Amino acid sequence: MAKAPERLYQYAEVFKGGMAMTAEPAEAVGGIPKIMHENFRLALKHVNRLIETVENDEPLVSEWYGNTCEIYAAMDLTHFCPVDLIIPTRPFFDSIDRMHEDDTPADSCALIRLAVWGARAGIIPVPTVVTGMLEPCDAQSLMHEAWETVPGWENIPTISLDPPYGYGDEDIQYFADQLKREIDFLEEHTGHKMDWDELRRICEETNKINSYWDDVNHCLMQKPCPFHSLQAAEWGWTQALHVNWPGDPEVTEFFKLMAETAADMVEKGIGAVENEQVRILWADLNGSWAEAELGPWLEETYGAVMVNSFAGRTPYSVIDTSTPESMLFGLARKGINEVPMIRQARGTVDTFLQDVKDMCRDYQIDCVFFPNHKGHKDQGGNIGYLRELCREMEMPLLTFSSDIFDPTFLPIDELKRIIATFFEAQGWKPLK
Amino acid sequence: MDKAMRVREICDSFRELCSVPYNESLQSYKNDGGLIIGVLYNQVPEEILTAAGILPVRIRAVGSQGTEASDARFTQVNCSLVKHFYDSAAKGRFDFIDGLVATNGCDHVRKLHENWTSVLKPAYSHLLCFPKRQGDDLQVTQLAKEIKKLKESIEAHFGVEITDEALREAIKLHNRTRELQCALYELRKGENPPITGAQMLAVMMAGTCMPREAYNAQLEELVALCQDVEGISDYKVRVVVYGGEIDSIDFFEAIESQGALIVADSLGGYGKRSADMQISLEGDLYTNLANAYLMERPAEPRLHGTRAARWEYLEKVAEEANADGFIQVFIPICDLWGYERVMFATEVEKKDLNCLVLDTEYIFTASGQTRTRVQAFVESITEGGR
Ligand code: SF4
Ligand code: SF4
């Protein structure tokens, strides 16, 4: 029996610990602790599946979140995004410090740096095949190539999908055609076959998940917000795109639990924050520290909630499951037009602006935080448009430079000071 | 006139042309009623513009004094190149162009194009979406479609027709440029190269900022002369420069001032990679253009799946030029070249190559520091360091 990287077994312990911490209240009161408990349980299930695959020497697919994982699941292929476990477990390991010691460019996104360092450090299992995504940023493409220079990763068969620039049917079809090639590639290199009926069932399950996610977002739009800062975006993003085995009814149940819990709280008028004063849009992905390290301070000090982020912006269309072609088309649309971040970063600034505009209106937002993440070079070039939009909407905008995956780049205390000054300028006082 | 003197004279005149965005040659072309389109980066198939009777001119913010105008449109996460380009555009330094064509060459450049188009409103603007990977027929077909869209857009805006015949002639003209440039590269492989790396950079850049027929004629003469001059012998080591859109002659001079003669390069913007292809005249010309730009031209880091080929090319260039070492150059905050540096470091280590990594902002000012580092590098080679 092969041995998985030690780190995977450690992740399993982290998630078991999380389950233990949330077990009691989960049974007792349900609600948010129960969702957290389930989130840990499904993450553990993902890790265990990875460990089992490596131990049994079965094919393992490396993917990135714009790849449509429904395809792997329909081929019964275990898949993972190489950074998806490094990020949520960051507080338990010294990954960021080790990453800093590596020679990856300090001015690039920590997610990419962690992915390259992680492969070099041997904490990421070596995949059988790599399916790469060349969007939404330049660094992703190079990250995939950098892996080829890591001992043990040199000759892994790789296919990377080229994203078009536009949003129309012709663009989606170009991507769908590549998905077809990806299936051929996977069949050739893993020996697993595509099961189109299974893909149909999975896509239907994905449709259900997305519908529940929509319900959750509808609840987040209400005052007071039923969940804590960025929680829903974090859970949804994690379960739908990272630790999800598409088609797993347990994941659908998880989204249902989120939707029901949120609806129940909204109905009772209960907010996650007792005295909600300010509603914030975090105009980027959550990253790895905003939710847990900034959110509680905002809530306790100002009654301010980061209601949602781009990670939770999920206007998914229903995948038409009538034919293999229609499914691939629907999956391609999801992969390039709808998945968070790729949605905002690919192509022109229009979707980014429309999302900010719609979210400010729908979520009853009082101000926008734009973290100017150092990996998002495209969004750096959006700043002028964003300022114009916020002026037009008379929406206060706070911009600061950060690395949303590296809390040492802009220390949290420094950010708190920046926010305090900004809030003061708006006339928003601390609660006490 | 002495041949060596004439070589210097031609190189100096090329350098002069490259020293300002709107040079004398472009001014007289415009005065004669010519149309100019500014081109962002080297993936735009300029043959299409030539076939339309429009002069493609590569945008360079040479002589840029600052980036203040960019501050409202870009942030700290954007590279100095796009900031200087935008600043120069906002200050009217490119007002002579009749339009702008760009590709999504990187995240910064596509945003440069977008901001330039929507804020500064050039009379014409087009973005050609270039595939991000070298691939198969899907990518070639996709790019051919994009090139046709560019053609149609030019035709509609400028009221011209781009016939196959005109395109064929344009391809021939550009092929000739590339052929002559390659011939000059060939001559620099010898023990006593006829011109320096800094001069060669001027030669390459001049081809992007003057009418092509006139350029080819001068290049023709230069190649003939270079076959017959004594060449440079007072150097200490022979180096190959590796990088992207480097366009600073001063930077090259700073390197060469320390006895490191640049005998070859793998540069995409104004270097050998841009010249090292010939476009076929057989069959569908749009497919040929797509095939050449995507599949045949030596690739850049921006084209996924080309890592091994990039280094093979670099090694071949170095070997043919009998180089002693590499100087890798990049602009900070550039993920494409930043990661290429990291990856190439593994190759350098594995093969025990002599390699110096230099970063430079788009406007080169760190002359003293560069000289010191190159001097140390040269010493490490000549004293048998590695
Ligand atoms: S977070 Fe942004 S910069 Fe980082 S890898 Fe993802 S898209 Fe690229
Ligand atoms: S230097 Fe790099 S980041 Fe800057 S424009 Fe060129 S490719 Fe893009």
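**Warm-up.** Is Asn322(B) buried or exposed?

*Solution.* Asn322(B) is exposed, as its relative accessible area is 55%. Here buried means under 20% relative accessible area, exposed means over 50%, and partly exposed is in between (1.4 Å probe, protein chains only).

Before going on, a word on conventions. This is a predicted model, in which local features need pLDDT of at least 70 and side-chain atom pairs count only at pLDDT 80 or more, while totals for chains, interfaces and linings use all residues. Residues are numbered from 1 along each chain as its sequence is written, chains are lettered from A and ligands numbered from 1 in the order in which they are written, and side-chain values use heavy atoms, with hydrogens and water left out.

**Exercise 1.** Find the two residues of chain B with a positive phi, Asn322(B) and Lys121(B), and describe their places.

*Solution.* Start with the general rule: most residues other than glycine have a negative phi, and most peptide bonds are trans. Next, take Asn322(B), whose phi is positive at about 55 degrees although it is not a glycine. Asn322(B) sits in the loop between helix H13 (307-320) and strand S7 (325-330) of chain B. Helices (H or I, at least four residues) and strands (E, at least two) are DSSP runs, numbered from the N terminus. Then turn to Lys121(B), also not a glycine, with a positive phi of about 50 degrees. Lys121(B) belongs to the loop between H5 and strand S4 (125-128) of chain B, and it is exposed, with a relative accessible area of 60%.

**Exercise 2.** Locate the cis peptide bonds before Pro136(A) and Pro224(A).

*Solution.* Glu135(A) and Pro136(A) are joined by a cis bond with omega of about 0 degrees. Pro136(A) is in the loop between strand S3 (129-133) and H6 of chain A. The bond from Lys223(A) to Pro224(A) is cis too, its omega being near -5 degrees. Look for Pro224(A) in the loop between helix H8 (196-220) and helix H9 (231-242) of chain A.

**Exercise 3.** Which residues surround ligand 2, and what is their character?

*Solution.* First list the shell: Tyr41(B), Cys79(B), Leu81(B), Val82(B), Cys106(B), His108(B), Val109(B) and Cys334(B). A residue is included if one of its heavy atoms lies within 4 Å of the ligand. Helix H4 (80-90) and helix H5 (107-120) of chain B are the elements giving two or more residues to this shell. Finally, sort by type: seven are nonpolar, one is polar and none is charged. In this sorting Ala, Val, Leu, Ile, Met, Phe, Trp, Tyr, Cys and Pro count as nonpolar, Asp, Glu, Lys and Arg as charged, and the others, Gly among them, as polar.

**Exercise 4.** Work out the surroundings of Thr149(A), which lies in the loop between helix H6 (138-147) and strand S4 (158-161) of chain A.

*Solution.* Begin with exposure: Thr149(A) is buried, at a relative accessible area of 18%. Now check its contacts (heavy atoms within 4.5 Å). Not counting residues up to four places away in sequence, Thr149(A) touches Arg307(B), Trp311(B), Met343(B) and Thr346(B). Last, a polar atom of the Thr149(A) side chain lies 2.6 Å from the backbone oxygen of Ala146(A).

**Exercise 5.** What is the strand order in the open sheet of four strands in chain A?

*Solution.* The order is S6-S5-S7-S8 (chain A), with parallel pairing. Two strands pair if DSSP finds at least two bridges between them. At the edges are strand S6 (304-309) and strand S8 (397-399) of chain A, each pairing on one side only.

Notes:
Polar contact = N/O pair within 3.5 Å; in protein donor to acceptor, adjacent residues only side chain to side chain.
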